[in-house]
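Morning, everyone. I'll go chain by chain, then take one interface. Please pull up the structure.

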Amino acid sequence: MSNVLKQEAVYAVTGIITILMILEYFFFAETQAWAETIRTWAVIIFNISLFLGAIRLIMAHSVRIQEKRRDWQFSGLLLVFFVIMLLTGIAGYIATGVQTNNGIYNWMFNYIYTPLGATLYPITGFYIFSAAYRAFRARNIDAALMLLAGCLVMLYNAPVGEAIWIGFKDLGYWVQFTGQVPGMRTLAIVGALGLIAFGFRALLGKERGFYAGGGE
Amino acid sequence: MAYPTATLDVVGLWVGWFLMLMIYSYPLYKENPAYRTAEHMFIGVTLAITAITNFSNVMRLCITPLMQGNILMIVPLILGLLIFTMLIPEYRWVSRYPIAVMVGAGFGLGIRGTIKPNLQDAIIDTITAPSGGGILDWFNYLWVAVGLVCSIMYFLLTFEHAGPLKGPTRLGRLFLMLALGGYFGNTVLFRFTMLTGRAQFFLQVLKLIPM
Amino acid sequence: MSLSKLANIDRRVFYWILFIALMVPFLSPIGFPITIAPNTQDLYDGITGDQVNEGDVWIMNFGYGVSAWSECHPAVTVCTKALFREGAKIIFIGIHYDVELTYNKLQDTCSEDFADKVYGEDYVFLGYMTGGESVVAQLGSDIASVFPQDHFGTPYGDIPMLEGVEDHTDIAGVLSSDTGDYGTHFMTQWQAAYGTKMAEIGIAMNGSTDLPRWQAGNFFGVSVGSRGGAELEALIGELGEATTAMDSISVSHLLLILAIILGNIGVLTEKLGGKK
């Protein structure tokens with residue numbers, strides 16, 4: 001019985017909901033209230049589940065502070081900023097229903113979160129540059145083709161390519177709009193087929209990767 | 001947006017500028033406490049924003065309708081709370097149920113939604129010959145058609161790429177390399193544009209260029 | 001300097017060269033001309049002229065955060081201006097936590113167009129949503145179930161422009177500006193399911209996947225990254241952030257190609273040396 005509750009019943013829930021979503025699309029002309037209910041529930045569960053990541057991270061950093069592990073002070077700093085932002089945001093939400101109506105929250109959102117968020121992701125631009133010099137080697141025809149296509153698209157995207165030689169624009173245009181289409185379309189088709197196959201495996205209870213934990 | 005004049009905004013602008021330099025001290029110099037500080041500040045602030053935004057979302061979507069009389073909303077609320085049993089080892093299996101609802105809905109919607117655009121429309125566009133086109137149009141049409149077939153054959157992983165399959169799969173691999181090269185070229189534009197935005201911000205705060 | 005010494009240069013030297021090179025064109029602009037791509041022209045044609053009727057309600061999805069402002073925001077600015085000037089009404093939604101910042105920035109970059117528009121009658125900011133494909137599908141069947149209130153707490157039913165706007169049938173078109181999957185979700189759950197007119201104003205990285213979809217007719221237009229933004233600025237005749245950034249993009253791309261060529265000179269000389 002416990003095995004049924006822990007495994008079979010779970011797969012059954014997945015399978016039934018998958019089938020209901022597919023049935024609604026292919027057998028009904030209009031959206032159905034029961035399908036809308038399921039989707040709304042999925043959205044609400046998704047929203048609640050996002051707290052899980054935050055909780056795990058807070059727990060991990062709290063343990064680091066408690067055990068005074070290496071660089072525990074940074075974990076302390078993290079928690080301090082977390083608490084300040086959380087309390088001010090809650091204060092704003094309670095007062096007006098919109099968290100950014102708190103001055104401190106708003107200031108930190110604009111002048112700490114924004115510049116840091118805008119700065120952390122572009123770091124990869126630096127790494128592309130050093131990788132281009134150190135790692136992108138045209139050692140065989142495959143790599144040479146890939147590099148050539150990449151360079152032509154870059155010269156098409158950057159206005160300077162056209163200024164240097166009009167041919168760069170024409171060649172880059174061709175790669176962008178025709179050359180890469182078979183490959184990218186293949187990835188889309190193969191991805192779609194894979195999703196369908198994966199979905200049916202999940203429907204039949206053969207895919208269990210989502211249900212890790214609990215011993216079985 | 002003009003250069004701010006209010007004191008708190010000017011202070012904030014410079015704080016942001018220094019935080020940016022603290023982050024860039026990692027690639028431009030080496031890993032250092034300034035970078036770690038800025039990184040951990042960002043994680044802390046982002047966690048709080050995540051928590052509050054999702055909290056207000058849950059209030060809006062679930063709690064408020066529940067308080068207004070929609071009793072059915074108790075179901076997703078309970079299911080959502082059950083996901084936290086993932087933190088308790090002996091009850092972790094209970095969290096599979098809310099995951100099952102999300103996965104089921106996601107797969108169902110994904111399967112039904114992907115067929116038309118990613119299969120039907122893609123194949124129809126590939127096999128539709130150009131109407132009244134010139135030599136280049138026909139060359140492009142054949143390029144896409146032959147390329148698509150050969151590239152898909154490359155993904156026939158249950159057959160050995162030998163004998164009659166060797167040529168087409170080899171050609172398919174070359175088409176895929178071309179596509180990945182194009183993807184790389186576009187990725188470079190994306191990454192460098194983000195960096196350009198930061199370079200612009202660097203100069204704007206110093207008032208070397210207008211904001 | 002021998003090639004082997006070149007290969008051993010500290011990577012931080014490259015980073016500094018790039019960082020400085022990105023800033024120089026802002027101080028001394030060059031101004032290379034930009035050619036309009038057909039996908040961008042189609043996008044612009046699809047949101048102007050007789051393609052948009054006065055009073056049409058469009059959805060603008062802010063699928064990008066602060067890190068991608070320089071990539072997506074210029075194009076979103078132009079599209080917002082174009083739709084407002086045709087008399088369309090816009091519902092702004094977003095999938096990032098900083099969607100309010102993006103909305104505020106849009107109000108700043110389109111200040112003149114927002115000046116003669118009334119919140120709640122000509123445009124509305126519904127705010128943040130999340131939930132992947134499920135939330136986009138649910139948005140198509142019942143918008144109010146995803147946004148019972150707007151971002152500022154006003155109930156959906158109390159917003160004048162949303163009277164009678166219930167689901168996909170009441171939406172004339174969707175413009176999705178993405179760094180991730182939400183454009184694809186709108187394509188599968190709106191365009192494919194209901195035939196809703198849709199365009200993608202995405203990052204350049206998505207351009208490779210979005211252009212075949214434009215060719216297949218799933219999108220009526222595509223803007224590819226900041227290059228697309230610069231093209232749209234040229235089309236609307238109001239040059240802005242994307243055009244300004246193009247010089248910097250040109251310099252950085254040239255540097256990267258130079259780095260690739262320098263890096264491959266070693267491979268080439270090795271092969272030639274081996275043949276000897």
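Start with chain A. Chain A has 9 helices and 0 strands. Keep in mind that this is a predicted model. Read from one end of the sequence to the other, the pattern of chain A is α-α-α-α-α-α-α-α-α.

So how spread out is chain A next to a compact globule? Its radius of gyration is 26 Å. The globule rule gives 17 Å for 216 residues. The value for chain A is well over that, so chain A is more spread out than a compact globule.

Now the box. Along the principal axes, the C-alpha atoms of chain A fill roughly 65 × 55 × 40 Å. What share of chain A is buried? Of its 216 residues, 44% count as buried.

Contacts next. Take the pairs in chain A that sit at least 6 apart in sequence. Of those contacts, 24% join residues at least 24 apart.

On to chain C. Here the secondary structure comes to 12 helices and 6 strands. The domain assignment gives chain C two entries. Domain 1 covers 3-30 + 248-275. Domain 2 covers 38-239. So that you can place them: domain 1 is written as two segments, and domain 2 as one.

How far apart are the centres of these two domains of chain C? They are separated by 38 Å, taken over C-alpha atoms. The box for the C-alpha atoms of chain C is roughly 80 × 35 × 35 Å, again along the principal axes.

Burial in chain C: 57% of its 276 residues are buried. And the contacts? Count those in chain C with a separation of 6 or more. Residues 24 or more positions apart account for 73% of them.

Last topic, the interface between chain B and chain C. On the chain B side, 40 residues are in contact with 49 residues of chain C. Which helices of chain B supply at least two residues each to that side? They are helix 1 (7-28), helix 2 (33-67), helix 4 (96-127) and helix 6 (166-205). Helix 6 of chain B gives the most, with 17 residues.

What about the chemistry? The chain B residues that touch chain C divide into 21 nonpolar, 15 polar and 4 charged.

To recap. Chain A carries helices and 0 strands, and its radius of gyration is well over the globule rule. Chain C has two assigned domains, with centres 38 Å apart. On chain B, helix 6 gives the most to the side that touches chain C.

Methods: Residues numbered from 1 in each chain as written. Chains lettered and ligands numbered in written order. Predicted model: local features only at pLDDT ≥ 70, side-chain atom pairs only at ≥ 80, totals over all residues. Domains from an automatic or database assignment. Helix = DSSP H or I, 4+ residues; strand = E, 2+ residues; numbered from the N terminus. Buried ≥ 20, exposed ≤ 12 C-beta atoms within 10 Å, placed from the backbone. Contact = placed C-beta atoms within 7 Å. Nonpolar A, V, L, I, M, F, W, Y, C, P; charged D, E, K, R; others polar. Rg over C-alpha atoms; globule rule 2.2 N^0.38 Å.
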